Amino acid sequence: MNYPVLEINTGLVRQFAETVIAVCAKSGIVPTAVIKGYNALDEVTDALYDAGYRSFASSRTAHLKKIKARYGHAETMALRIPMPSEAASLVELADVSLNSELETIGLLDEAARAAGKTHKVIMMRDLGDLREGIFDPDSFIDAACTVEIEYENIRLHGVGANLSCYGTVVPTAENLSELAANAAVIEKSIGRKLDVVSGGASTSLYLAVGGTMPRGINHLRVGGANLMRSEARDIPDDALPELSDDAFILWAEIIETAQKPTHPIGKLGKDCFLRTKEFEDRGARRRALLAVGAFDIGDYSALSPLDPGVKLLGSSSDHLIADIEDSGREYRLGDKIPMALRYQAMLYSTANAQIEKRYV
Ligand SMILES: *Cc1c(COP(=O)(O)O)cnc(C)c1O
């Protein structure tokens with residue numbers, strides 16, 4: 001085994017996903033599983049499939065290609081607004097895509113016609129988070145109605161919104177009701193029901209848990225919450241006890257242990273990532289140097305050691321420094337330290353081919 005090792009408990013992922021699907025069902029929601037956060041690793045996707053997901057989404061068409069190859073009949077959904085340059089491959093690999101530009105939808109229509117297909121489009125409304133979507137409600141409704149009328153090989157599949165990504169705006173009953181109200185206006189204008197009114201991602205799940213999801217929202221795009229409890233934000237501590245942060249554990253090896261001062265010695269400038277820092281002088285303390293770093297996991301603050309006596313102090317590209325003074329364990333050179341991951345560390349470590357994956 002080459003360290004660091006990312007240990008993935010697929011049985012737990014299946015349990016989390018079953019929990020998410022069940023809580024969504026109570027609010028009349030059939031979710032799509034978002035697979036980008038774990039680089040669409042086959043074993044994890046299998047667990048989501050076994051839990052009952054039959055629709056899979058990613059921002060990257062390479063991930064959707066894997067889904068088409070592995071489960072031919074499952075639905076694929078492109079999450080990121082399509083690049084005009086990828087229209088042909090997107091139509092080939094995605095059954096559905098999220099969109100905000102009529103010009104791009106025109107290109108998808110042409111590509112779908114060339115491929116002899118109908119491509120489904122979900123029009124995105126920007127409810128204030130200021131990433132993708134049409135901001136003005138009237139322009140949004142007009143654009144959706146144009147999609148219905150204008151493009152022969154495009155089906156207006158529904159409408160959606162994305163929150164808590166750029167602007168930190170929380171999905172609420174209020175802002176999602178606005179999406180549902182826009183959907184109702186569009187339905188009246190086109191004379192039929194939309195298939196999908198997509199009310200966001202894992203951060204919207206708490207509304208389903210609390211039973212306050214606005215009527216009319218019938219779809220969510222759930223990534224993180226299938227994989228880790230910390231991604232199902234704002235749920236009460238005693239809700240969904242089936243969810244935990246135990247499914248993804250990174251094991252990193254100790255390459256040096258020593259007692260060292262806690263305040264650096266010498267004239268202080270910048271660290272390897274050009275940051276200035278403040279240090280508290282806590283005297284000499286026992287520490288471990290671990291063979292893992294930003295190259296593997298991004299920002300080390302997305303790691304939490306399972307041993308509460310281990311405190312992470314900092315990292316460079318390939319090293320992580322941990323204070324082990326308060327641990328009850330006697331760590332030695334060569335020991336492996338397990339750490340739970342939050343989203344960013346999962347994103348980096350699953351995508352890094354140099355990190356060995358161990359499935360349990
Ligand atoms: C990544 C993404 C999701 C899934 O987000 P999670 O927080 O992981 O559930 C949903 N929708 C869009 C548009 C995304 O880009």
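For sorting residues by character, Ala, Val, Leu, Ile, Met, Phe, Trp, Tyr, Cys and Pro count as nonpolar, Asp, Glu, Lys and Arg as charged, and the others, Gly among them, as polar. With that sorting in hand, the shell around the ligand in this predicted model turns out to hold 6 nonpolar, 4 polar and 4 charged residues.

So much for character; next comes who is actually there. The ligand is surrounded by 14 residues, and the closest of them are Lys36, Ser202, Arg221, Gly223 and Gly224. Arg221 also shows up in a polar contact: an N or O atom of its side chain sits 2.8 Å from a nitrogen atom of the ligand. Gly224 makes its contact through the backbone instead, with a polar backbone atom 2.8 Å from an oxygen atom of the ligand. Arg131 joins in as well, since one of its polar side-chain atoms is found 3.2 Å from a ligand oxygen. And how much of the ligand does the protein cover? On its own, the ligand has 390 Å² of accessible area, and the protein covers 91% of that.

Away from the ligand, two pairs of helices are worth a look. Helix α1 spans residues 10–26, while α2 takes in residues 42–51. The axes of α1 and α2 are 8 Å apart, and the two helices pack at an angle of about 40 degrees. Angles from 65 to 115 degrees count as roughly perpendicular and those under 35 as roughly parallel, so α1 is oblique to α2. As for handedness, α1 and α2 cross in the right-handed sense.

The other pair is made up of α6, residues 137–150, and α7, residues 173–190. Their axes come within 10 Å and cross at roughly 40 degrees, which means that α6 is oblique to α7. This crossing, of α6 and α7, is right-handed.

Finally, there are a couple of backbone oddities. Most residues other than glycine have a negative phi, and most peptide bonds are trans. Which residue has a positive phi although it is not a glycine? That is Ala40, with a phi of about 50 degrees. Ala40 is placed in the loop that runs between β2 (32–34) and α2. The peptide bond between Tyr3 and Pro4, for its part, is cis, with omega at about 0 degrees. Pro4 belongs to the segment before β1, a strand covering residues 5–8.

Notes
Residues are numbered from 1 along each chain as its sequence is written. This is a predicted model: local features need pLDDT of at least 70, side-chain atom pairs count only at pLDDT 80 or more; totals for chains, interfaces and linings use all residues. Side-chain values use heavy atoms; hydrogens and water are left out. A residue is near a molecule or strand if one of its heavy atoms lies within 4 Å of it. A polar contact is a pair of N or O atoms within 3.5 Å; within protein, one must be able to donate a hydrogen and the other to accept it, and residues adjacent in sequence count only if both atoms are side-chain atoms. Accessible areas come from the Shrake-Rupley method with a 1.4 Å probe; for residues, only the protein chains shown count as cover. Axes are lines fitted to C-alpha atoms, for helices over the stretch in contact, and angles run from 0 to 180 degrees between N-to-C directions. Helices (H or I, at least four residues) and strands (E, at least two) are DSSP runs, numbered from the N terminus. Angles under 35 degrees count as roughly parallel, over 145 as roughly antiparallel, 65 to 115 as roughly perpendicular and the rest as oblique. A crossing is left-handed if the near helix is turned anticlockwise from the far one by less than a right angle, and right-handed if clockwise.
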